[in-house]
Every structure is written in C-alpha cells, then in structure tokens.
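Please open the model in your viewer and keep the sequence panel beside it, so that each selection can be followed in both. The tour begins with the whole chain and then moves to a single residue.

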Amino acid sequence: RIAAQASARPDAIALVDGEEQVTHAQLDAWSRAIAHELRRLGATAEMRVGVAMQRSAALVASLVGVLRAGAAYVPLDPSYPAERLEHIVEDSQLGLIVTDAASVAQHAALFGSRTTLDAAALRDTAFDATNDAFPQPHPRQLAYVIYTSGSTGTPKGVGVTHENVARLFDATRSRFAFGTSDVWTLFHSYAFDFSVWEIFGALVHGARLVIVPHWTAREPSAFHALLRDERVTVLNQTPSAFAQLTQADGENTLDALRAVIFGGERLEPASLARWADGARRRGVLPALVNMYGITETTVHVTHRALDEAALRDARSVIGAPLDDLTLHVLDADLNRVPAGAVGELYVGGAGLARGYLGRPALTAQRFVPDPYGAPGARLYRSGDLARRLKDGDLEYLGRNDDQVKIRGFRIELGEIQAALLGHPEVRDAAVLVSDSDSGDRRLVAYVVPRGEPDAGDAARWQSWLSARLPGHMVPSSYVELARFPLTPNGKLD
C-alpha cells in the first residue's frame, strides 16, 4: 500500500523532519535500500529486527524497510532505560538491529555483540533496481512486536500481523475519509502502539507525516506552533496531552485541523467542552472522536463521534466497535450481562493480535475461545470494565486489576512494585494512582524500608527506579510507612 502511493505521487512530500523533507519516491527508495541490506544480512519472514533510534525520517524509513524485507520490527526507544531495552532484546531474541550512530554510542554494551545497520547512512544509497524482488508478506505474517507493561514485573511482547494493521485502515476508511491532502504528526513514541496508527495512517493514505521532536512533544507551546506552521489536519492525542495543548491554544488558532482522535486512556468528554465552544464560535471546530483501543487488538477498537451533546456527558462513553470487530460485556463465566450491568469487556474479530511472544500460557489465558463466534474464533479478555447503555453504546468504567493508563501509557502497577522490591533496603512496597481535582493523574509509591527512615530515601528510590523503568513509570511521590494497613482478610487496605 505504501509502495502504491509512491508510484501514484512520487514527488509529493511524505515526511517532514525539521528542515528535511522526504518525498514518497525518496522514502520508497530509502526503505528499499534498507530492506536490501537487511536481506543481505539474513533477515527473513517472521524474523524479529530491532529498531533503535530517535524519532526521525530515518526511523520511519527503517520501519518500512524492515516490513519490506519481510521481517517484523521491534521498537527499542533509546529513551528507555538500558535494563528494559536489554530485556526486550533478549526476550525477542534480536540478532539484528537497525539504528544510528548516536544510539549505538548510547547503548554500546547492549548493541555491541549484535549486528547493527545504520539506516541514516543508506539515505542516498543506490541499488540495483532490477534485483528489487522482495517476498510478498503473507497477511498473517508478523509485522511488529510491541512490549507492554507486565503484571509479573516483566514486560510482554504483543505480536501483530500485517493483516491486523491493514484491516484497521479498511475498517476506519468510511468514518474518516483520510486522503492525500491530510497532514499527520508522529507525536508518540514508536514503542507505543498509537504510533502505528500515526505512521501507517499517514503513509498508506499518501498523506504527509510531520515528525515531532521528543522535546517538542513535551512542550505544549512549541507543539502548538508546529501544528499551526505545518497546517496539520489529523491530530492523534491522549486526553492528557490534549488538555495541555488546549492551554497553549487559548485562541483556538488551529484552523487547519479537521479531526482530533483521542485514544490511549480514559476520556472525560466534558473536559473538552470549553475548548470546543471557542472553536465552534470561530467556525474552526474539527471532528472530535473518542477511540478505545488495546495493543492486543491493534490500536483501535471503538469509534464515538463527540457532538455537542456528547461533550456535556459526564460519562466516558467509548461508542460502538469498528465494523470488523465485536464487543461483549461478560461475567466471570463468559455469560452476557444485562444492559446497564457491569461486566468485563471482551473483544473479538479481525483485530486480535497473534498473542504474546514466547508466552503460550499467558496467550491462552487472555485470548480465549469465543462462545458466540464461529469455530476457532477467539475473544481477547481486556481486563476493562464496561456496561452497555440503552442506545447500544458502551460506557468505559476502568480496569479490573492493577493496570492503569496515565498520559496514554498502559502501566502495570505490579511491575513498578516489583522493581522497588528489588532494592536491598526495601522491605515492602505498593504503588497507587492519585487523582487530583483537576484531573491530573500521578503515581505514588508507598515504601516500608528495612531500616530507619532517612530524609534522602525518596531520592534514592526514584534514582533506583529511573535506572530500571521508563520515565512514565517512575512515581512522582514517595511515602514511607512503618507497616502497611491491612483489611480483615489480610489484604492491603
């Protein structure tokens, strides 16, 4: 699909990376050069290839190049701690990593024993086009493995196929009418599955993709200026990130926007009302869409257009499933619960990922036989609570376990707790989410030390976790207790 866009519109701009612009034809040639080199180094179908570099045009070319070579990419975001990257490299059995000089220098110990390919160096490499026969990927062939937070303290890799991704854009085509005149952004880490929608949503529709630098993504005023200057039309945001952006957009000046798509965490529609009112008065209100999704079901599951009435709704309604998916609200025995009753959300259909890499028992536990589908059909047990409303839409009610979403990142509190318990001076630990009246969410760690409390303990715990976990998983506050309070059943109160 991406190659077809290059054939149809070779001179149109595909990527904008600061001052650098890459046409669809140049991206096609660059990714083919990367694919040729990967094939020469032994990349084959189903082989997992690491991709480790900062957000850039070279990153996008590398992802396309890995897929074109027939392999599957595994994101290795250089901003992640070395310990986490090492686990991903070992767990996914990577022998080949596409990277750049800066990332190799940053993680020399990790990459040193593995074959690395510098994607940037292949930017203008010529190759023999007559020998340009790449194997056509099977629809069910592995496309990528993205690691999500693990409840046992270990991240787990979710394997997603070409078919899973291709049908995502087929299932959403009629709802958005994406086209060649659109301008998208790559705002999120490519280790977060929202990036799959951003990158390939732009490329398969022949649109322009603007690479948002890491620090620009964390500075709302700078990001707002980029959106305005690049005339971005399709914006994908977590609710937390968009809330910060609206503070920088007090005058509602983003008049090129035609769609804002929310995902990654729970959306409170009423939080958008004030910004939407201002945009409506100026006649520049884009379509606002809430999309619930899960990595294991290929980014997006539901679609709900947010009209004026929806923006006054205090509930977090996620709408109806995409056309090729099914949603069930079930009890513990997989029976449907009545409308209005709370149950667990199960997802079925063409978006279900292959499963967890190298973890058949966990795959069987979370991907279960579908009692309501055809023989062999599966349901994904989401761990999310929901209830079906009278109009058929679904209201999202949160997690039924220790998994939470903060700023769009899915976090297993148990993974943070396990990391804290690895410190030799920690006797016990618990991690909870604190919600402020303003809607801000933050992680709070409660620690029972082995010795006497010390004024420097909080800094010590934070330093310990920062070396082992991504920044979005490091708590911002630490509370020391002599012992934890327990319920009459002996559980943590």
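What radius of gyration does the protein chain have, and why does it agree with that of a compact globule? In this predicted model, the protein chain has a radius of gyration of 23 Å, which agrees with the value near 23 Å that a compact globule would have with 493 residues.

Begin with the entire chain selected and shown as a C-alpha trace, which spans about 75 × 55 × 55 Å along its principal axes. Switching to a cartoon brings up the secondary structure, which comprises 15 helices and 26 strands.

Next, colour the residues by burial: of the 493 residues in the protein chain, 55% are buried. If you then display contacts between residues at least 6 apart in sequence, 66% of them join residues that are at least 24 apart. A surface view shows what the chain exposes, about 20800 Å², with 49% supplied by carbon and sulfur atoms. Selecting the charges picks out 50 positive and 59 negative ones, and the mean positions of these two sets are 4 Å apart.

Now select Thr-253, together with helix H11 (239-248) and strand S12 (259-262), since the loop between these two elements is where Thr-253 is placed. Is Thr-253 buried or partly exposed? Thr-253 has a relative accessible area of 28% and is therefore partly exposed, as buried would require under 20%.

Add His-224 and Arg-282 to the selection, for Thr-253 is in contact with both, leaving aside its neighbours within four places in sequence. Finally, select Asp-11 and draw a C-alpha to C-alpha distance to Thr-253: the two residues are 242 residues apart in sequence and 30 Å apart in space.

Terms used: Residues are numbered from 1 along each chain as its sequence is written. This is a predicted model: local features need pLDDT of at least 70, side-chain atom pairs count only at pLDDT 80 or more; totals for chains, interfaces and linings use all residues. Side-chain values use heavy atoms; hydrogens and water are left out. Helices (H or I, at least four residues) and strands (E, at least two) are DSSP runs, numbered from the N terminus. The radius of gyration is taken over C-alpha atoms; the globule rule is 2.2 Å times the number of residues to the power 0.38. Buried means under 20% relative accessible area, exposed over 50%, partly exposed in between (1.4 Å probe, protein chains only). Contact means heavy atoms within 4.5 Å. Accessible areas come from the Shrake-Rupley method with a 1.4 Å probe; for residues, only the protein chains shown count as cover. Lys and Arg count as positive and Asp and Glu as negative; His and the chain ends are not counted. The place of a charge is taken as NZ of Lys, CZ of Arg, CG of Asp or CD of Glu.
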